[in-house]
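The following dialogue asks how the terms used for a protein model are justified. Each reply sets a value against a cut-off and then draws the conclusion.

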Amino acid sequence: KEIHHRIKNNLQVISSLLSLEAEKFSDRKMLESFRESQNRVASMALIHEELYKGSDMDTLDFSAYLRKLTADLLASYRVGNDKITLRLDLEQAHFDMDTSIPLGIIVNELVSNSLKHAFPEGKGGEIYIGLHRTEKIALKAGISGESVDFENADSLGLQLVNLLVEQIDGCVKLERRQGTRFILGINVKNGVKT
């Protein structure tokens, strides 16, 4: 517990240092890069905070973590736009640290990307996040759609998503219908979580 507390505190110090460093710049793109880095660090700190508060030191209640992470991101990015809503449909799921940290950063990147690019000029809309158990067979059939060439993506965030999906031995697909939808599947001990 003490280790999680210390790691969380150290990550919060890093986040504060990034914030102080960002004050030196006036360039919008540079400031955005610092904010994105700050949010990545904050998503990792939040995992250690949740583990510190919880009774189980080996796994994280990922649905509770997602609620807190997405609320923080929405508050961070939604300045001046209250037309964006967040809808969460989450089954309770517990993941170990090796899954929680990369998965948390993936969610951070995709939600941040949505908040930055999906709602131009103050337009409204909804960000939906679902966390559900599916059957192993359904994973391949359920994740269909257009393949995403993350390796050649311009965005560092999407390249990071690709690396982290590979790290947790998952798969990700993109569907473009009414909006954009990312579907992520990962294997866990008791079946598949998507």
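Q: How confident is the predictor in this chain, by average pLDDT?
A: This is a predicted model. The chain has an average pLDDT of 80, and 83% of the residues score at least 70. Over residues 190-194, however, the pLDDT is below 50, although the model gives this stretch 27 contacts beyond near neighbours in sequence. Residues 137-145 likewise stay under 50, with 18 contacts beyond four places in sequence. Where pLDDT is low, the coordinates should not be read in detail.

Q: Why is the pair Glu 32 and Arg 28 called a salt bridge?
A: The term requires a side-chain nitrogen of Lys or Arg within 4 Å of a carboxyl oxygen of Asp or Glu. The closest N and O atoms of Glu 32 and Arg 28 are 3.5 Å apart, so the pair satisfies the rule. Both residues belong to helix α2, and being four residues apart they are separated by about one helical turn.

Q: What makes Arg 28 exposed, and Glu 32 partly exposed?
A: Exposed means over 50% relative accessible area, and buried means under 20%. Arg 28 has 59% and is therefore exposed. Glu 32, at 25%, falls in between, so Glu 32 counts as partly exposed.

Q: Which parts of the chain does the salt bridge of Lys 116 and Glu 32 tie together?
A: The side chains of Lys 116 and Glu 32 meet at 3.7 Å, N to O. Because Lys 116 lies in helix α4 and Glu 32 in helix α2, this pair ties together parts that are 84 residues apart in sequence. Lys 116, at 26% relative accessible area, is partly exposed.

Q: How do you know that Lys 68 and Asp 72 form a salt bridge?
A: Their closest N and O atoms are 3.2 Å apart, which is within the 4 Å limit, so the term applies. Lys 68 and Asp 72 both lie in helix α3, about one turn apart. Salt bridges that share partners also join Arg 28, Glu 32, Glu 36 and Lys 116 into one network.

Q: Which residues touch the most other members of the largest nonpolar core?
A: Of its 34 residues, these are Phe 62, Ile 106 and Leu 115. The elements giving two or more residues to this core include α3, α4 and β7. Leaving aside neighbours within four places in sequence, Leu 115 is in contact with Leu 73, Leu 74, Tyr 77, Ile 84 and Ile 127.

Q: What makes β6 and β7 a pair of strands?
A: Pairing needs at least two bridges. These strands have seven, in the antiparallel sense, so they qualify. One residue lies between them in a hairpin.

Methods:
Residues are numbered from 1 along each chain as its sequence is written. Side-chain values use heavy atoms; hydrogens and water are left out. pLDDT is the predictor's confidence in each residue, from 0 to 100. Contact means heavy atoms within 4.5 Å. A nonpolar core is a set of buried Ala, Val, Leu, Ile, Met, Phe, Trp, Tyr and Cys residues joined through side-chain atoms within 4.5 Å. Buried means under 20% relative accessible area, exposed over 50%, partly exposed in between (1.4 Å probe, protein chains only).
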